[in-house]
Amino acid sequence: MESVSGNGSGDFPPETSASVLKDRRTDALGDLRVLPDEILCTILTKLTPRDVARLSCASSVMYILCNEEPLWMSLCLSIVNRQLEYKGSWKKTALHQLDVLDTYTEACKRTLQFDGFNSLFLYRRLYRCYTSLNGFSFDDGNVERRENISLEEFRKDYDGQKPVLIDGLTDNWPARKSWTSEQLSLKYSDTKFRISQRSSKKVNMKFKDYISYIQIQHDEDPLYIFDDKFAEAAPDLLKDYSVPYLFQEDYFDVLDIDQRPPFRWLIIGPERSGASWHVDPGLTSAWNTLLSGRKRWALYPPGRVPLGVTVHVNEDDGDVNIETPSSLQWWLDFYPLLADHDKPIECTQLPGETIYVPSGWWHCVLNLETTIAVTQNFVNSKNFEYVCLDMAPGFHHKGICRAGLLALDDGGFEHIEKNSMSHENSSNYSDHTRKEKRVRTCQPVENTDNGNCTDMSSCDSLGDLEYSYDVNFLAMFLDNERDHYSSLWSSGNCIGQREFRDWLWKLWVGRPGIRDLIWKGACLALNAGKWYERVKEICAFHDFPSPPQDEKLPVGTGSNPVYLMDDYVTKIFVEGGLEASLYGLGTELEFHHLLSNSTSSLKNYIPSVLASGILVFENGSYRVIPWDGRGIPEVIASSNLISPQHKEVDYPFGVWGKKQFEYQIAGTPSHELGNCDKSSSMWPYIVTKRCRGKIFAELLHHLFCRRDNLSSKDALNLASFLGEQLHNLHLLPVPSPSPNHSIPMVIGDYTESSQGNGFSKNTDNPAESELFVRILNRRRNNVTKRLSEWGDPIPSKLIEKVNEYVPDDLSVFFDIFKNETEVCRSLTWIHSDVMDDNIYMTSGKNISDPCMEENMHVTRSDISNGQKHSWHPSHILDFSDLTLGEPILDLIPIHLDVFRGDSRLLKQFLDSYKIPFLRKESLKDEAQGNRSDQLSYRTMCYCILYDENVLGAIFSLWKELRTATTWEEVEEKVWGDLNNYAGFS
């Protein structure tokens, strides 16, 4: 760089006129001179705008580096806290975001001359920023082109096999004429669209501001509208196009629109913008239709990593990240290095043409001019198994799917051999001490016959193994020691773990004609074959019928495999590993024993227990050990899982042992929990009576009803039912902790109090409350980190303020209160998981025993003919997450998942619940003005400290809260109605 525009010249020494210029880099950079300019520029992007401004005053070279537009673009996008509006330069735009643009004035507008400094890196980047693609010559490419292709031809020749460019699919689309920059500006000028850019924050721009930006920008990688929510912002756009007949088979369409992963995008970008090298999420396939402009495509088959691209696969959860240059940089800097046989498949896409990209194919797109397009990803019969494979736990197979044999490490062949010989063995634990990411990159290697070669399958180190993008080949790399139910779920998966199980179950129920295919996918992703084998062993031992073929898939969305057979339900405990599973079953059995000896009517609404025990695999065969929760079975005692102090307790895996276990793991990130995802040879299980009717979640979907279509009376009845049963649950006696359940004081469990003694302010809390406080305080200690990891849709501004909102010591929430007839404790039994898949509903027929009602079937024709069915709640299911806690904790999943934030249903629930969540009003006078005694505040704090992402549900239900600037706004909107509740109606 020979000159830049600056804001003053007084900070730098005058230039010399010597005939031989001295390189100013040495003096201007000091010890930093040893770093390449690329590294220096990368370091600068990690600083704040204020720090960059200060650093620019250090020297002339720093002044140049700190005033680079690409740097300020990166800084601006990292601090975006409002709608983005381009101000002519990225530095001015960043200052506008910081509210200092109006006070910013340049001291001097003359150009500063800095002789004696040059940078090839900066020059190349400047060239990419200002280059025009009009002068580049692109041929038609070598992707096959077709027109008037039939569905049969497409499935036979292309589907799941290779890309194809198809013309004529959009001839009848209104979008062919209306999707131009001018036409869209007229209708959607003030509409906000999402911008895709390398930033952790979601960026929105009004369409008129975006059009103004692309007309004046000179960015190497310009902002790109890549909006998966465009149908919400501009629903009329959906009327302008339809899914082409070749791609209408989509297995994700069994999910409601708000449940399915992102699948359709509006794409608008100027010249030089585009999508860098990637494989589509979840190994889905895609179609992309261009309506305006020209696009250049480059594609490689699965496993063929493009030159210059690096693939990172996390060994803990299999999360895949790809390092790649921008599409423009790749074409300018890497493409010329390729030998002819290493070049990608290419084509130039014209308006009206649709390109099909099969599962697993690498592709890169460069916009040759301003383009407007629409694209959708889909799952069909050809890629379903690959999508399921990609959801399986582990990392080997994810790397192989994308990077081919490059992803094999030194032990790769041993891993394949072990998988081929795998059997269930408790000693086969995977090594989880490795936290680093595996890095695989494709670089040219010398080949004496062909020159430079990037075909890694020819490397001698890989032996005779030949890569094949075949699901049977790829499945060899699955980690058989990791199981879906107990392993980490990759944050990069296109769908959540619970949602994935829900998807498979809905496919199984809704599309019986493809059950063979669904079963194959479930065996890959869920280990469904092994779980089916285990449940049959349990059924055989107890003389129960095994699940029939049409019910061999685990049902519902729960975190443990559950099976239905005749009048029985079998659940195998897996989630969290063996120790967590034992506490889950032990606590549930202790609860059922207590309930059976009580007079509570709650027992009429909970399925009875028929059998329980532990399934053990040893010496190549299974055996079943019955267990009612009392004592410690020999097979467990010999595993050294239980400390000696627990052996004298009646229910060693009961609720107080479980609370201790919760204390031990509280605040610990999932990937640091140790052996929770290791293979086990023991599985606790429980068999209960089967309820007839419909699970509430299934009723809403499979009977073509939605919550807003459920009759008002039925919805209110459900709210009343839940209020009554939670009333009964929270009044049940709680077992007293034994002396063996004491836990030593840990100073770190408390933040320092105002007295400075380092302990809880309320040292007189009952023992039952004290343990709960310590668990909460542990979760509170890393709350910012946990919320940051969850990320979108939780607003970043709120994450920054969370420590100011949540009290330092959660003991301020605890109290004991009573009325004239009963004592209400701060700590009660907590179900923890009353959600729409744990509520059973029966039809409006006269049923004497809801547990014996025959399954109801309501068809689509019933709905279309206006036939209505009345549904009544009959049972609450799944008590494996039972624990002790504040009663308000049970309200959180009910209000967010069952009621979906409906304040009318919340009020009905409270009217039936009739127990105060706080002290009686007369006992609260002394606490007037204390925020911790506000129900809305306490509940909001518990949402923040919840061990699952409850906040994600809140900001999904109340989208307007994503712009909230304080937690108090969220609290009032979601939980404000609670402050009017007193209890004891």
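1. Let's start with a cross-strand pair: Tyr840 stands opposite His875 in S31. The strand on the other side of that pairing is S30 (residues 839-843), and S30 and S31 run antiparallel to each other, joined over 5 bridges. Keep in mind that this is a predicted model.

2. Zooming out from that pair, S30 and S31 belong to an open sheet of 3 strands, ordered S26-S30-S31, with antiparallel pairing. Strand S26 (694-695) and strand S31 (871-876) are the edge strands; each has a single partner, so one side of each has no neighbour in the sheet. Helix H25 (residues 712-731) lies across S30 and S31, at about 25 degrees to S31.

3. There is also an open sheet of 9 strands, in the order S3-S4-S15-S10-S17-S8-S7-S5-S6, and here the pairing is mixed. Its edges are strand S3 (145-147) and strand S6 (203-206); each pairs with a single strand, so each has one side left without a neighbour in the sheet. From one strand to the next, the twist averages 30 degrees.

4. If you want to look at one end of that sheet in detail, go to S5 (residues 192-196), which pairs with S6 in the antiparallel sense over 4 bridges. What stands opposite Lys192 in S6? That would be Lys206, a lysine facing a lysine across the two strands.

5. Now for helix H7 (residues 120-130). Leu122, Arg125, Arg128 and Cys129 are buried there. Looking down the axis of H7, these buried residues fall within an arc of 125 degrees, so they line one face of the helix. Leu120, Tyr123 and Tyr130 are on the other side of H7, and they are exposed. What covers the buried residues? The cover includes helix H2 (37-44), helix H4 (60-66), helix H5 (69-79) and helix H13 (327-334).

6. On confidence: the chain averages a pLDDT of 82, with 79% of the residues scoring at least 70. Strand S15 (residues 353-357) is where confidence is highest, at 98, and S15 sits between S4 and S10 in the order of the 9-strand sheet. Confidence is lowest in strand S20 (residues 451-453), at a mean of 35.

7. Two stretches to flag before you use the coordinates. Over residues 816-824 pLDDT stays under 50, and the model has 20 contacts beyond four places in sequence for them. Residues 920-927 also stay under 50, with 9 contacts beyond four places in sequence.

How values were computed. Residues are numbered from 1 along each chain as its sequence is written. This is a predicted model: local features need pLDDT of at least 70, side-chain atom pairs count only at pLDDT 80 or more; totals for chains, interfaces and linings use all residues. Side-chain values use heavy atoms; hydrogens and water are left out. pLDDT is the predictor's confidence in each residue, from 0 to 100. Contact means heavy atoms within 4.5 Å. Two strands pair if DSSP finds at least two bridges between them. Axes are lines fitted to C-alpha atoms, for helices over the stretch in contact, and angles run from 0 to 180 degrees between N-to-C directions. Buried means under 20% relative accessible area, exposed over 50%, partly exposed in between (1.4 Å probe, protein chains only). The arc is that of the directions from the helix axis to the C-beta atoms.
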